[in-house]
Amino acid sequence: MSSELQPSARRVQEAARALGLDIAVREMPGSTRTAQEAAAACGVSAGQIVKSLVFTGATSRKPYLLLVSGTNRVNEKGVARHLGEKLKRPDAEAVRALTGFAIGGIPPFGHTTPLTTYIDADLLQYDVVWAAAGTPKAVFRVEPAKLRDAAGAIVIDVK
């Protein structure tokens with residue numbers, strides 16, 4: 001199956017395998033770029049979609065990855081208090097340089113640069129969540145606890 005995938009999606013499949021995560025990347029016929037598009041394509045609620053959002057520390061410039069439930073907005077001030085510094089949103093070019101993926105297809109792991117990763121506590125309420133797999137049309141399903149463990153993510157309240 002992975003030979004039929006786009007190169008970026010294949011990289012995600014291989015990264016998952018290296019982390020001991022058994023996933024099946026699926027390329028959808030339509031866009032899964034937004035949480036709403038992904039939810040419609042996967043037949044689930046928007047809350048079950050994992051948004052992979054990249055930030056940098058305003059002072060340290062350290063990259064952070066927040067894995068956020070599709071229905072939640074990040075309370076940047078609240079998360080900044082948890083991290084000990086304000087957050088900055090890098091531009092699309094910087095995100096691609098850090099992750100190796102374009103916005104709209106950023107997976108929760110397999111990045112060019114190691115990213116300190118946090119996962120939205122709200123994702124853990126679901127039996128299954130869906131995350132981007134390297135392209136704006138590729139996704140995979142996974143149990144949220146397994147995703148947390150594979151990504152080495154710290155659970156926080158992002159709201």
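These legends go with several views of one predicted model.

Numbering starts at 1 along each chain as its sequence is written. Since the model is predicted, local features need pLDDT of at least 70 and side-chain atom pairs count only at pLDDT 80 or more, while totals for chains, interfaces and linings use all residues, and side-chain values use heavy atoms, leaving out hydrogens and water.

**View 1. The whole chain, with its five helices and eight strands.**
Going from the N terminus, the order is α-β-α-β-β-α-β-α-β-β-β-α-β. With a radius of gyration of 14 Å, against 15 Å from the globule rule for 159 residues, the chain is as compact as a globular protein of that length. Helices here are DSSP runs of H or I with at least four residues, strands are runs of E with at least two, and both are numbered from the N terminus. The radius is taken over C-alpha atoms, and the globule rule is 2.2 Å times the number of residues to the power 0.38. Along the principal axes, the C-alpha trace spans about 45 × 30 × 30 Å.

**View 2. Strand β3, enclosed on both faces.**
Seven of the seven residues of β3 (residues 63-69) are buried, so the strand is largely enclosed by the rest of the structure. Pro63, Leu65, Leu67 and Ser69 sit on one side, with Tyr64, Leu66 and Val68 on the other. Buried means under 20% relative accessible area, with a 1.4 Å probe and protein chains only. Chain-wide, buried residues make up 50% of the 159.

**View 3. β3 and its neighbours β2 and β5.**
β2 (residues 49-57) runs antiparallel to β3, joined by seven bridges; strands count as paired if DSSP finds at least two bridges between them. Look for Leu66 of β3, the bridge partner of Leu53. Leu66 also stands opposite Tyr118 in β5. β5 (residues 116-120) pairs with β3 in the parallel sense, over four bridges. Back at the β2-β3 hairpin, five residues lie between the strands, and Arg61 takes a positive phi near 65°.

**View 4. β6, paired with β2 and β7.**
Two bridges link β2 to β6 (residues 129-132) in the parallel sense, and Val50 has Ala131 as its bridge partner in β6. With β7 (residues 138-142), β6 pairs in the antiparallel sense over four bridges; here Ala132 is matched with Val139 of β7. This hairpin also has five residues between its strands, and Gly134 in the turn has a positive phi of about 100°.
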